[in-house]
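Got the model loaded in your viewer? Let's take a short walk through it, one selection at a time.

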Amino acid sequence: TEDDVLAYVKSLSKYSNSMVKQLFRQVKRGFTIAKEMNLIQDNIMESPDMKTPKIGKPVKKISALTREEQKKLVDGMSSKTPPEGRNDYRLQLFIELYSGMRMGEVNALRGEDIDLDNNVIHVRSTISRGLNYKEFVKDGTKTDTGKRDIPISKTLRPYVEEALRKQQPNRENLIFFDYNKDDVISTTQVNCYFQRLCRDIGIPALGQHSLRHTFATRCIESGVPAVVLKTWLGHTDIHITLDTYTDVFEQLDQSAVNTLDEYLEA
């Protein structure tokens, strides 16, 4: 009954609105299939009252660096070197900042994933956590659309080339590897380093994932279409991109109007 469906939907309030929307869509599809198979006579999901609800958690406001903070970070990372014998995570951070890749994806990169001839990074794996919280290289990404090709920009290319030059033999054949522990590098390791780095440099310690948001923010500011950004970030739905960065898009409204005015007056 409609009451059953509504009761189910209300139980989803702990999820984000984007997740509620996906689950609600699956329920509608299930009823459609059931009717096609003559398992039910009426499809209650076709009722105009059965609209996608908005009861989930609000989309978290993203934490991205400003242009000034980004410059301080880049300058700081370029000048700071970790103590001898300690892991250096700066190249991973630069790659995340200029590609928008998730840190798990960066740490899972292998040499064959980098195509310098065609300026493309093939994102095919990620570092995941298994039994006893043990990290391992997972064949596949966080989502199906996470398997993607990311263009290597002129800004990104030097860091990718340096990472390839510095790669040493390891049992996983990874570009980035913890040779001190003979193990894969976790996102937590990089994040702890990033937090300390931000405090030393004097910028907000927003967490390493903020570099992915910073990349997306700079893309939007420079005019990269949302549908292209969706592909680069590996989002499953364009609405995730639009919802996540709605504040950034809204800030550009006035500049878009000015651009339109200039075009129409030409």
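Begin with the helix packing: the buried residues of α7 pack against α3, α4 (90–99), α5 (103–107) and α8 (210–221). Bear in mind throughout that this is a predicted model.

**Stop 1: helix α7**

Select residues 187–201, which make up α7. How far apart are its end C-alpha atoms? They are 21 Å apart, and that agrees with the 21 Å that 15 residues should span at 1.5 Å a residue. Now show the side chains of Q189, V190, Y193, F194, Q195, L197, C198 and I201: these are buried. As you look along the helix, remember that an α-helix has 3.6 residues a turn, so residues three or four places apart point the same way. Step past the end of α7 and you land on G202, which has a positive phi, near 95 degrees.

**Stop 2: just ahead of the helix**

Go back to S186, in the loop between α6 (157–166) and α7. Is S186 buried or exposed? Its relative accessibility is 7%, so S186 counts as buried, the cut-off being under 20%. Leaving aside residues up to four places away in sequence, S186 touches N107 and E135.

In the loop between α6 and α7 you can also pick N173. N173 isn't a glycine, yet its phi is positive, about 60 degrees. With 39% relative accessibility, N173 counts as partly exposed.

**Stop 3: the sheet**

Next, colour the strands. You're looking at an open sheet of 3 strands, in the order β1-β2-β5, with antiparallel pairing. The edges are β1 (114–115) and β5 (148–151), each of which pairs on one side only.

Zoom in on β1 and β2 (residues 120–123): 2 bridges hold this antiparallel pair. Put I114 and I121 on display, and you'll see I114 standing opposite I121 in β2. Then slide over to β2 and β5, which also run antiparallel and are joined by 4 bridges. Here H122 has D149 in β5 as its bridge partner.

While you're on β5, show its side chains. In a regular strand the side chains alternate between the two faces of the sheet. Which residues of β5 are on the covered face? R148 and I150 are on the covered face, while D149 and P151 are on the uncovered one.

**Stop 4: the loop between α2 and α3**

Now for the loop between α2 (17–36) and α3 (67–79), where L39 is found. N38 lies in this loop too. N38 has a positive phi of about 60 degrees, although it is not a glycine. N38 is exposed because its relative accessible area is 67%, with the cut-off at over 50%. L39 has a relative accessibility of 60%, so L39 counts as exposed as well.

Turn on the surface and select I33, M37 and L39. What do they make? Together they make a nonpolar surface patch of about 310 Å².

**Last stop: I44**

Stay in the loop between α2 and α3 and pick I44. Measure the distance from its C-alpha atom to that of E2 and you should get 6.6 Å, although I44 and E2 are 42 residues apart along the chain. Which residues does I44 touch, not counting those up to four places away in sequence? Select T1, E2, V5, F31 and M50 to see these contacts.

How values were computed: Residues are numbered from 1 along each chain as its sequence is written. This is a predicted model: local features need pLDDT of at least 70, side-chain atom pairs count only at pLDDT 80 or more; totals for chains, interfaces and linings use all residues. Side-chain values use heavy atoms; hydrogens and water are left out. Two strands pair if DSSP finds at least two bridges between them. Patches are made of residues with over 30% relative accessible area and no salt bridge: like charges are joined within 9 Å, nonpolar side chains (Val, Leu, Ile, Met, Phe, Trp, Tyr) within 5 Å. Accessible areas come from the Shrake-Rupley method with a 1.4 Å probe; for residues, only the protein chains shown count as cover. A salt bridge is a side-chain nitrogen of Lys or Arg within 4 Å of a carboxyl oxygen of Asp or Glu. Buried means under 20% relative accessible area, exposed over 50%, partly exposed in between (1.4 Å probe, protein chains only). The expected span of a helix is 1.5 Å times one less than its number of residues. Contact means heavy atoms within 4.5 Å.
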